[in-house]
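Biologist: I am new to this structure and would like a close look at a single part, the aromatic side chains. Please take me through them in one connected answer.

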Amino acid sequence: MDSSSCPSNAIPVVSTFTSPFETCDDQKKPLSLWPGMYHSPVTNALWEARSSIFERLLDFSVDAPPQSQLLTRTPSQSRTAILYNFSSDYILREQYRDPWNEVRIGKLLEDLDALAGTISVKHCSDDDHMTRPLLLVTASVDKMVLKKSISVDIDLKISGAVIWVGRSSIEIQLEVTQLTNGSTDTFNSVALMANFIFVARDSKTGKAAPVNRLSPETKEETLLYEEAEARNELRKQKRGGDKRDIENGNRLEALLGEGRIFSDMPALADRDSILLRDTRLENSLICQPQQRNIHGRIFGGFLMHRAFELAFSTAYVFAGMMPCFLEVDHVDFLRPVDVGDFLRFKSCVLYTEYENADKPLINIEVVAHVTKPELRSSEVSNKFYFTFTVCTEAKAKSNGFKIRKVVPATEEEARTILERMDAEVMDK
């Protein structure tokens, strides 16, 4: 996707806490009912830019007829860009600054989901105010790899468009770009690529609903469509295939053997290793109305934001120095999260890798549970897998630095580790 194709129509993100609907008339819903506008400047900017589309999503009758005829859209019709004026807007800069003068990655993940949601709405809208709009939800996110660090002092742009559609699902590709001062090299300006899968549901029945077709216009758009089609077929094969049998090999027993020494002979355990359970962190929260999307449920981006920050903390405590984010693996949104839900995030270091001695890898798992104390139930809504390393500057200041090996104490932990290792091998 050419990041330079739409700078003139990029939506500027400004540091404001003012609602774009402050002047709304009495016919519109009260401001308290508009979904989470205040938790992200990007969400606020997107709402303001596309207010006519979003107003319709909040003010419709479920008894209105569904869309009667599918339209054919081009990628350019859904293409949207947002621009962070970090170089000139110091308040916006402070909203995104982390302690190391870089952009807060968790907040950026939240913004990516918000932009992908806007693009999906643009593509699926039929411009007919007499029909009921579709319910669009984040189904999954493909692996995202950070290609370079993102400064909070230089302007940043995110642009994206729909690149593929199925019957009731659409794929949106987003590109995060940041030019270094004085540079015009757009190829090396790409900091991160992200592919979001959204699925459409009938807002009355909740069943899968067909979406508008997509007609690529350029060779690049056609190539992106074909690549997305191949990924979709691969996802189907993975869902239908058998999981790799890991119980009959020696790998499981070897991992468990190391863990048993900690339990049975702790004085003789390897001091360069640590039990997986001793790397765990956890936090919890009640999901608030300010975190909801246009459909009244919690933003998928908000979940990614909170999961990332717990993963970062887990890696920080484990390594004893500032970690550097590298990638987040494929994310599936297994269960919707509603306002008022009691959400628990549990993290651990699954395993570490040492193929590159100068760049050891720390693999973090974060599991989000929706807990209902009244029903005495707890369900997994998401599993996130993040990979970190340690920053070169921090490592240089630490003499004798070494990342410890993580070993399981239970068969379940060992199986989870091996499944993740195998998944990483398959992705490569």
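Modeller: The model is predicted. A good place to begin is Phe 388, which counts as buried because its relative accessibility is 0%. Phe 388 belongs to one aromatic cluster, together with Trp 100, Phe 308, Phe 312, Tyr 316, Phe 325, Phe 384 and Phe 386.

Some of the contacts can be taken one by one. The structure holds 14 aromatic pairs. One of them is formed by Phe 308 and Phe 386, with 5.8 Å from centre to centre and 75° between the planes. The arrangement of Phe 308 and Phe 386 is edge-to-face, because planes over 60 degrees apart are counted that way. This pair links distant parts of the chain: Phe 308 lies in helix α8 and Phe 386 in strand β16 (residues 377-390), 78 residues apart.

Both partners are covered. Phe 308 has a relative accessible area of 6%, so Phe 308 is buried. Phe 386 counts as buried because its relative accessibility is 1%. Phe 386 also forms an aromatic pair with Phe 388, and this one is tilted, at 6.5 Å centre to centre and 40° between the planes. For all of these rings, the cut-off for buried is under 20% relative accessible area.

The cluster also has a member with some exposure. Tyr 316 is found in helix α8, which covers residues 300-319. At a relative accessibility of 35%, Tyr 316 counts as partly exposed, because that class lies between the limits for buried and exposed. Tyr 316 joins Trp 100 and Val 317 in a nonpolar patch on the surface. Together, Trp 100, Tyr 316 and Val 317 have about 300 Å² of accessible area. Trp 100 and Tyr 316 are thus named both in this patch and in the aromatic cluster.

For context, here are some other elements of the model. Strand β4 (residues 134-141) is mostly covered, with six of its eight residues buried. Strand β4 pairs with strand β8 (residues 190-202) in the antiparallel sense, over seven bridges. In that pairing, Leu 134 stands opposite Asp 202 of β8. Strand β4 is also joined by two bridges to strand β13 (residues 331-332), and the two run antiparallel. There, Ser 140 has Asp 332 as its bridge partner.

Helix α7 (residues 251-264) has buried residues too: Leu 252, Leu 255, Leu 256, Gly 259 and Phe 262. The 14 residues of α7 should span 20 Å at 1.5 Å a residue, and the end C-alpha atoms are 20 Å apart, which agrees.

Methods:
Residues are numbered from 1 along each chain as its sequence is written. This is a predicted model: local features need pLDDT of at least 70, side-chain atom pairs count only at pLDDT 80 or more; totals for chains, interfaces and linings use all residues. Side-chain values use heavy atoms; hydrogens and water are left out. Helices (H or I, at least four residues) and strands (E, at least two) are DSSP runs, numbered from the N terminus. The expected span of a helix is 1.5 Å times one less than its number of residues. Buried means under 20% relative accessible area, exposed over 50%, partly exposed in between (1.4 Å probe, protein chains only). Patches are made of residues with over 30% relative accessible area and no salt bridge: like charges are joined within 9 Å, nonpolar side chains (Val, Leu, Ile, Met, Phe, Trp, Tyr) within 5 Å. Accessible areas come from the Shrake-Rupley method with a 1.4 Å probe; for residues, only the protein chains shown count as cover. A salt bridge is a side-chain nitrogen of Lys or Arg within 4 Å of a carboxyl oxygen of Asp or Glu. Two strands pair if DSSP finds at least two bridges between them. Rings of Phe, Tyr and Trp (its six-membered ring) pair if their centres lie within 6.5 Å; planes under 30 degrees apart count as stacked, over 60 as edge-to-face and the rest as tilted.
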